[in-house]
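This report looks at how some strands pair and how two helices pack. The sequence and the structure come first, and the description follows.

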Amino acid sequence: MSQALQELLDLLDLEQIEENIYRGQSRSAVVPRVFGGQVAAQALVAAGRTVPADRHAHSLHAYFLRTGDPGAPIVYEVDRIRDGRSFTTRRVVAVQHGKPIFGLSASFQTDEEGLDHQTPMPPAPDPATLPTSPERLRGYHHLAPDVVERFIQAREAIDLRYADEPPFGRFGEPREPHSQVWFRTNGKLEGAIDEPLLHVVLATYVSDMTLLDSVLLAHGRGGWAVGDVVGASLDHAMWFHRPFRADEWLLYDQESPSTHGGRGLGQARIYTQDGRLAISVIQEGVVRVPR
């Protein structure tokens, strides 16, 4: 396991300070605020620690309410909404400086047999043939060196590979609002930590990294890295359909059906390398052109 992955796992390992109350540490993202995927992942950890081990996360719905302060811890307050025969529901509020910054509802279910179908996996290049993030990023001489290094540092724990040029790699002309990314953790998850919830939490963490890329592609924008848009996540939803491992390749197939009124919508499906639909994701974010 890489040192960066161990540091990420430590970041996601919350401290229990009272019944239904947990505290997590924080750190800066590529921009000077708490990364939304970190808050969502930590909130899911808090919810999961109040749920029986035989019930697995099947969905989450979240709102980003305020910008997080990377210099302060985050307190997660869990509300045990319901414990039914098959489903368990939890609500989590993340608090900093006495104010809520994030709210999440998560649902967990016992394993069941039932009907089964899925949308087929789309064509995608073999991840082994694609450049790593550091290889790709260090070739972008139009980006400031500190921007490149912040990107690389923020993604050290994750092996993330774009199938095509990301928005900040080639911009100026609108492209198809569709993006593909392969990802997995930068190291294997083994031993006591290798639990289903951790894989779901790590996928939640990564899901906020690139989902609005397709919005930027549709308008030929490079994003914050080149300064031609400003934005932030507004809300985020995920449905976990089938088991998967975050330390094995996952294809993140993303598209944007709409941008309007200063908001952009991204939707995506995440597949295992052998073609099983593992996760569906939808996110809306603020996407504004600077004045």
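Two strands are said to pair if DSSP finds at least two bridges between them, where strands (E, at least two residues) and helices (H or I, at least four residues) are DSSP runs numbered from the N terminus. The model is a predicted one, in which local features need pLDDT of at least 70 and side-chain atom pairs count only at pLDDT 80 or more, while totals for chains, interfaces and linings use all residues. Residues are numbered from 1 along each chain as its sequence is written, and side-chain values use heavy atoms, with hydrogens and water left out.

Strand β11 takes part in two antiparallel pairings, set out below.

| Pair | Residues | Bridges |
|---|---|---|
| β10 and β11 | 250–260 and 263–272 | nine |
| β11 and β12 | β12: 277–288 | nine |

Within the pairing of β10 and β11, Glu255 has Gln267 of β11 as its bridge partner, and the hairpin of these strands leaves two residues between them, with Gly261 at a positive phi near 65°. On the other side of the description, Tyr271 stands opposite Leu277 in β12, and the hairpin of β11 and β12 has four residues between the strands, Gly275 in the turn having a positive phi of about 100°.

The axes of helix α2 (residues 36–48) and helix α5 (residues 196–210), which are lines fitted to C-alpha atoms over the stretch in contact, with angles from 0 to 180 degrees between N-to-C directions, come within 7 Å and cross at roughly 160°. Therefore α2 is roughly antiparallel to α5, a term for angles over 145 degrees. Among the residues in contact (heavy atoms within 4.5 Å) are Leu44 and Val45 of α2 and Val200 and Tyr205 of α5.

Definitions and conventions. Parallel < 35°, antiparallel > 145°, perpendicular 65-115°, else oblique.
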